[in-house]
Amino acid sequence: MPDTALSLLNHVFGYPAFRGEQAAIVDTVAAGGDALVLMPTGGGKSLCYQIPALLRPGAGIVVSPLIALMQDQVDALTQLGVQAAFLNSSISADAAREVQGRLLRGELDLLYVAPERLLMPGFLSLLQQVQETSGLALFAIDEAHCVSQWGHDFRPEYRALTVLHERFPEVPRIALTATADTPTRGEIVERLALEQARQFVSSFDRA
């Protein structure tokens with residue numbers, strides 16, 4: 001099985017080379033560091049957490065407020081042979097139990113979860129069990145600008161995601177957004193306790 005970032009990019013995702021700062025971001029998170037990534041839509045943000053999740057032991061947990069995006073990402077990853085699933089309000093209780101069982105058995109590479117679900121005490125306890133058995137590869141916090149109370153996408157649940165750092169300090173975190181001015185970036189760093197995170201700010205001049 002490919003075990004380097006570039007070989008995963010080539011053989012799993014079908015791309016010949018990284019773009020921009022993708023390689024540096026992947027290296028940072030794969031090595032266990034935190035990162036804040038500001039990258040335009042279509043700039044390849046997803047690969048910045050998907051590849052480190054495959055490189056590191058355990059499951060990568062992706063926090064996203066977008067149900068449609070979860071479905072699209074999981075469908076695409078499954079077609080590539082990646083063991084991925086999602087947990088949100090669109091699935092039944094039985095389906096949710098099945099996904100959680102796969103997570104606990106170490107059968108998932110990536111799990112997409114809504115912030116409301118992640119913050120449930122029972123789910124946090126499940127993550128603790130997973131960390132103690134098969135392990136957690138990383139936490140990816142997508143749409144991280146939702147932490148800002150000044151934005152139109154504000155989600156109060158995002159303010160509580162510091163619990164990830166408090167309960168799992170050894171698990172790297174990567175926060176990603178396409179829309180964050182300088183004050184919003186500062187708010188993301190403060191609200192998510194990412195003071196030690198390496199920041200990657202990509203140009204928004206797309207070809």
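How far apart are the mean positions of the 15 positive and 23 negative charges of the protein? In this predicted model, they are 1 Å apart.

Let me continue with the overall architecture. The protein has 9 helices and 7 strands. Its radius of gyration is 16 Å, close to the 17 Å given by the globule rule for 207 residues, so the protein is as compact as a globular protein of that length. Along the principal axes, the C-alpha atoms fill a box of roughly 45 × 40 × 30 Å.

Turning to burial and contacts, 51% of the 207 residues count as buried. Among contacts with a separation of 6 or more, 73% are accounted for by residues 24 or more positions apart. The exposed surface comes to about 9,500 Å², and carbon and sulfur atoms supply 52% of that area.

I should now like to consider helix α2, which spans residues 22-30. Which of its residues are buried? They are Gln 22, Ile 25, Val 26, Thr 28 and Val 29. Viewed down the axis of α2, these buried residues fall within an arc of 160 degrees, and they therefore line one face of the helix. Their packing partners comprise two helices, α1 (5-11) and α3 (45-55), together with the strands β1 (35-38), β5 (136-141), β6 (173-177) and β7 (198-201). Just after α2, Gly 32 adopts a positive phi of about 100 degrees.

On the other side of the helix in sequence, the loop between α1 and α2 holds Tyr 15. Is this residue, Tyr 15, buried or partly exposed? Tyr 15 counts as partly exposed, because its relative accessibility is 45%, and the cut-off for burial is under 20%. If neighbours within four places in sequence are left aside, Tyr 15 is in contact with Leu 9, Asn 10 and Leu 47.

Finally, I turn to backbone conformation. Most residues other than glycine have a negative phi. Against that background, two residues deserve mention. Glu 143, which is not a glycine, has a positive phi of about 55 degrees. The position of Glu 143 is in the loop between β5 and α8 (162-167). Ala 193, also a residue other than glycine, has a positive phi near 55 degrees. Ala 193 sits in the loop between α9 (182-191) and β7, and with a relative accessible area of 22% Ala 193 is partly exposed. Strand β7 has already appeared here, as one of the elements against which the buried residues of α2 pack.

Definitions and conventions: Residues are numbered from 1 along each chain as its sequence is written. This is a predicted model: local features need pLDDT of at least 70, side-chain atom pairs count only at pLDDT 80 or more; totals for chains, interfaces and linings use all residues. Side-chain values use heavy atoms; hydrogens and water are left out. Buried means under 20% relative accessible area, exposed over 50%, partly exposed in between (1.4 Å probe, protein chains only). Helices (H or I, at least four residues) and strands (E, at least two) are DSSP runs, numbered from the N terminus. The arc is that of the directions from the helix axis to the C-beta atoms. Contact means heavy atoms within 4.5 Å. The radius of gyration is taken over C-alpha atoms; the globule rule is 2.2 Å times the number of residues to the power 0.38. Accessible areas come from the Shrake-Rupley method with a 1.4 Å probe; for residues, only the protein chains shown count as cover. Lys and Arg count as positive and Asp and Glu as negative; His and the chain ends are not counted. The place of a charge is taken as NZ of Lys, CZ of Arg, CG of Asp or CD of Glu.
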